[in-house]
Amino acid sequence: MTSLLTLHDYAAEASRRLSPPVWDFIEGGQGDERSLRANREAFERATVVPRVLTGTAEPETGTRILGADWAVPFAIAPTAFHAMVHPDGERATARGAAALPVPYVVSTMASVPFADIAAVAGGPLWLQLYAFADRGVTRHVIGQAEAAGMGALMLTVDAPRLARRLRDLRRDFRLPPGIRAVNLPDADLVSPGEHSRRAFAPALDWGELAWLRSVTELPLLVKGVAAAEDAALAVAHGVDGIVVSNHGGRQFSAAPATLDLLPAVVDRVAGAVPVLLDGGIRGGSDVLVALDRGADAVLVGRPVLHGLAVGGAGGVRGVLDLLAEELSEAMLMAGRPRVRPAPARSPVPSPA
Ligand SMILES: Cc1cc2nc3c(=O)[nH]c(=O)nc-3n(C[C@H](O)[C@H](O)[C@H](O)COP(=O)(O)O)c2cc1C
Ligand SMILES: CCCCC(=O)C(=O)O
């Protein structure tokens with residue numbers, strides 16, 4: 001195996017190991033993939049002004065998010081169907097994350113039961129939630145996550161349905177046999193796009209948050225916020241955290257790069273709740289750039305799948321350790337001795 005010195009090395013190795021349809025499902029974006037490229041381009045342009053003579057020896061990468069200690073200010077973003085990438089699926093991902101440990105946001109569309117993932121997890125475990133037209137299904141998923149001891153819910157709000165992804169359409173992408181969203185009551189789902197049209201709540205609005213509050217006590221974050229106005233509405237509706245995301249460019253090609261959206265969101269949220277960001281994080285300097293622009297933490301999507309493809313749990317661990325090491329070096333070189341403390345949980349949920 002070639003040496004794996006960067007997350008790009010993991011991507012290159014994963015592309016050799018995965019079948020072309022699976023690789024394209026992972027890598028692809030919506031439409032002409034402008035937002036997918038924009039996420040990366042924003043980081044490639046971004047700089048951090050180093051401070052000097054700060055007396056920093058070993059930077060402290062730890063932080064605290066929603067009452068839990070995080071060893072690093074990054075977590076695994078929710079991505080669907082890990083069994084497509086490695087036979088142990090999300091179990092391997094959770095094992096890889098347990099080493100550091102790195103928090104893991106499990107997808108509603110996980111291909112392994114939540115309880116089995118929780119059994120091998122080592123750090124904070126959250127559930128990414130899709131809202132279904134049939135609220136009984138949403139409740140079922142939440143119930144399983146609660147039973148597995150997950151610590152928060154992250155409602156995805158940028159996916160009324162899965163968008164047209166041309167790479168998948170050209171290949172008529174179908175889930176490989178045996179890969180199923182096993183935490184849904186009706187687990188058989190062959191085409192993710194078709195399933196989302198049938199099953200996702202078609203006309204979500206802010207009322208869904210109040211309903212979720214009525215069925216669970218878990219802290220609630222929203223994932224997929226772009227506009228500062230929506231961040232303000234989310235805070236007004238009592239969310240516990242915001243994830244600035246464009247779903248890794250998979251939903252809307254004209255969406256701006258998440259890094260470019262971040263400062264306005266941070267400004268509007270004004271410390272009321274933690275603000276996370278995902279999209280295009282491919283190295284420790286990217287994490288530091290996001291923190292420098294006001295994120296409390298970031299999520300990492302595709303690189304974790306690359307690690308999983310390259311070496312199962314060990315590959316995931318390799319990716320996460322590398323990112324942690326790069327972040328620590330970036331903090332040292334930039335004279336950032338520690339991660340700025342994140343806001344504590346929002347005091348009063350008070351819908352506007
Ligand atoms: C293969 C794949 C599957 C994904 N599945 C989900 C999902 O089930 N739920 C969700 O909210 N986001 C999903 N996402 C989006 C990620 O959570 C995240 O927003 C995105 O991947 C971040 O960008 P990055 O891959 O550049 O780090 C998925 C992304 C990929 C690449
Ligand atoms: C129904 C599958 C959801 C996966 C997802 O969110 C994505 O591919 O972006």
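L53 sits in the loop between α3 (34-45) and β1 (63-65). This is a good place to begin a tour of this predicted model, since L53 shows a positive phi of about 55 degrees without being a glycine. For background, most residues other than glycine have a negative phi, and most peptide bonds are trans. A second backbone feature belongs beside this one: L100 and P101 are joined by a cis peptide bond, with omega at about -5 degrees. P101 lies in the loop between α4 and β4 (104-106).

**Helices that pack on α13**

Let us turn to the helices. Two packed helices are described by the angle between their axes and the distance between the axes. Helix α13 spans residues 302-334, and the table lists three partners that pack with it.

| Partner of α13 | Residues | Angle between axes | Axis distance |
|---|---|---|---|
| α4 | 89-98 | roughly 25 degrees | within 6 Å |
| α1 | 7-17 | about 175 degrees | 10 Å |
| α12 | 284-292 | about 60 degrees | 7 Å |

How do α4 and α13 run relative to each other, parallel or antiparallel? Their axes cross at roughly 25 degrees, and because this angle is under 35 degrees, α4 counts as roughly parallel to α13. The crossing of α4 past α13 is left-handed. From α4, the contact uses A92, T93, R95, G96 and A97, while α13 supplies V304, G307, L308, G312, A313, G314, G315, V316, R317 and L320. Sorted by class, this contact of α4 with α13 holds seven nonpolar, six polar and two charged residues.

Next comes α1, which packs with α13 at about 175 degrees. That angle is over 145 degrees, so α1 and α13 are roughly antiparallel to each other. On the α1 side the contact is formed by L7, Y10, A11, E13, A14 and R17, and on the α13 side by P303, H306, G307, A309, V310, V319, L322 and L323. The class count for α1 with α13 is 10 nonpolar, two polar and two charged residues.

What about α12? With an angle of about 60 degrees, α12 and α13 are therefore oblique to each other. Here α12 passes α13 in a right-handed crossing. The residues in contact are G284, S285, V287 and L288 of α12, together with L323, E326, L327, E329, A330, M331 and A334 of α13. Seven of the residues in this contact of α12 with α13 are nonpolar, two are polar and two are charged.

**Around the ligands**

Now for the two ligands. Which residues come nearest to ligand 1? Of the 22 residues around ligand 1, the nearest are S107, T156, G248, G301 and R302. The shell of ligand 1 is made up of seven nonpolar, 11 polar and four charged residues.

Ligand 2 is surrounded by A80, M109, A159, L162, P192, H195, S196, H247 and R250. By class, its shell has five nonpolar, three polar and one charged residues.

**What the record adds**

Two of the names around ligand 2, H247 and R250, also appear in a UniProt annotation. In that unreviewed entry, "binding site" covers R165, H247 and R250. These annotated residues are spread over 86 residues of sequence, yet they cluster in space, with a largest C-alpha distance of 12.5 Å. As for R165, its place is in the loop between β6 (153-156) and α7 (166-171).

Notes: Residues numbered from 1 in each chain as written. Chains lettered and ligands numbered in written order. Predicted model: local features only at pLDDT ≥ 70, side-chain atom pairs only at ≥ 80, totals over all residues. Near = placed C-beta within 6 Å. Nonpolar A, V, L, I, M, F, W, Y, C, P; charged D, E, K, R; others polar. Axes fitted to C-alpha atoms, helices over the stretch in contact; angles between N-to-C directions. Helix = DSSP H or I, 4+ residues; strand = E, 2+ residues; numbered from the N terminus. Parallel < 35°, antiparallel > 145°, perpendicular 65-115°, else oblique. Left-handed = near helix turned anticlockwise from the far one by under 90°. Contact = placed C-beta atoms within 7 Å. UniProt positions renumbered as here; feature names shortened; annotations may be inferred.
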